[in-house]
Amino acid sequence: TRPKVGDPTATSKMGLLTLADGTTQWVDTEPFRRPVTLQGPWWSPDGRHAVVKVLSRDFKDLWLARLDPDTGALRPLFHDHDDAWIPIFPSPPARWMPDSRALFLTSERDGYRHLYTIDLEGVLRQRTRGRFDLWVDAPAPHLSRDGRRWYFHANLDDPAAFNLYSLSVEGGDPVRLTPPGGVNEAVLSHDETQLALLRSTPDAP
């Protein structure tokens with residue numbers, strides 16, 4: 001159960017169990033120098049790399065850290081801070097690119113929620129820019145089946161309207177896939193040839 005207001009939040013830790021001998025390697029959170037909670041790990045498609053979400057107990061700092069399963073050490077790749085309240089990522093907080101060499105995620109670090117990629121050395125690259133937000137109540141950004149484009153919902157054209165867009169992983173401008181105006185929540189078919197659309201406009205809510 002969740003603690004009540006004013007009560008201390010629950011503590012937890014993450015362990016890695018070796019099936020061969022039953023030993024447990026505990027993940028080391030001491031370098032963060034504050035109480036944190038852990039989520040994950042999320043493994044790369046090739047099974048060689050894992051990342052963990054580290055969230056401070058005061059909800060002001062969030063890290064995405066690379067996990068060493070042999071030692072339990074965490075190496076931060078990405079860090080967001082907010083003096084008030086850190087926006088919580090969707091789960092999982094980051095998703096792997098098909099080549100297992102980078103991840104993609106969203107962040108409000110420039111004042112708007114945008115799409116970023118980060119590689120295994122911690123090099124961050126902003127993929128969307130501008131005075132608009134990726135829609136947090138819609139499905140999280142995801143890759144096409146061939147790994148060549150992202151799909152995401154955003155209010156790129158109008159602050160009061162949300163649409164589904166695609167964006168090439170090679171760069172360029174987002175392409176709107178849903179009718180202009182209104183709030184459009186779309187779900188792609190498995191073969192990505194059709195859209196199921198939930199649409200609301202001021203004159204047709």
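How many nonpolar, polar and charged residues does the lining of the second largest pocket have? The views below lead up to that pocket, and its legend gives the count.

**View 1. The whole chain is built with strands and without helices.** Welcome to this structure, which is a predicted model. The protein chain has 16 strands and zero helices. Its C-alpha trace spans about 60 × 45 × 30 Å along the principal axes. Of the 205 residues in the protein chain, 38% count as buried.

**View 2. Four strands form an open sheet in the order E7-E8-E9-E10.** The pairing in this sheet is antiparallel. Look for the edges: strand E7 (94-96) and strand E10 (124-126) each have a single partner strand, so one side of each is left without a neighbour in the sheet. On average, neighbouring strands here are turned by 25 degrees against each other, direction ignored.

**View 3. Strand E7 meets strand E8 (residues 102-107).** The two strands run antiparallel, and three bridges join them. To find your way in this view, start at Arg95, which stands opposite Phe104 in E8. Phe104 returns in the next view, with an aromatic partner from strand E12.

**View 4. Phe104 and Trp150 make an aromatic pair.** The count of aromatic pairs comes to five. In the pair shown here, the ring centres of Phe104 and Trp150 are 5.9 Å apart and the ring planes stand at 65 degrees; planes over 60 degrees apart count as edge-to-face, so this pair is edge-to-face. Phe104 belongs to strand E8 and Trp150 to strand E12 (residues 149-154), so the pair ties together parts that are 46 residues apart in sequence. Are these two residues buried or exposed? Both Phe104 and Trp150 are buried.

**View 5. The second largest pocket has a volume of about 220 Å³.** Here is the pocket from the opening question. Its lining has six nonpolar, one polar and five charged residues. Among the residues that line the pocket are Met97, Pro98, Ala102, Ile118, Val123 and Val169. Thr117 is also part of the lining, as are Asp99, Arg101, Asp119, Arg125 and Arg127. Which strand gives the largest share of this lining? That is strand E9 (residues 114-119), with three residues. Strand E9 also belongs to the open sheet of View 2, where the order is E7-E8-E9-E10.

Definitions and conventions
Residues numbered from 1 in each chain as written. Predicted model: local features only at pLDDT ≥ 70, side-chain atom pairs only at ≥ 80, totals over all residues. Heavy atoms only, no water. Pairing = 2+ DSSP bridges. Axes fitted to C-alpha atoms, helices over the stretch in contact; angles between N-to-C directions. 1 Å grid on protein atoms, 1.4 Å probe; cavity = no way out; pocket = protein on both sides within 12 Å on 5 of 7 lines; lining within 4 Å. Points joined across faces, edges and corners; volume = space filled by probe spheres on them. Nonpolar A, V, L, I, M, F, W, Y, C, P; charged D, E, K, R; others polar. Phe/Tyr/Trp six-rings, centres within 6.5 Å; stacked < 30°, edge-to-face > 60°. Buried < 20%, exposed > 50% of the residue type's maximum accessible area, 1.4 Å probe, protein only.
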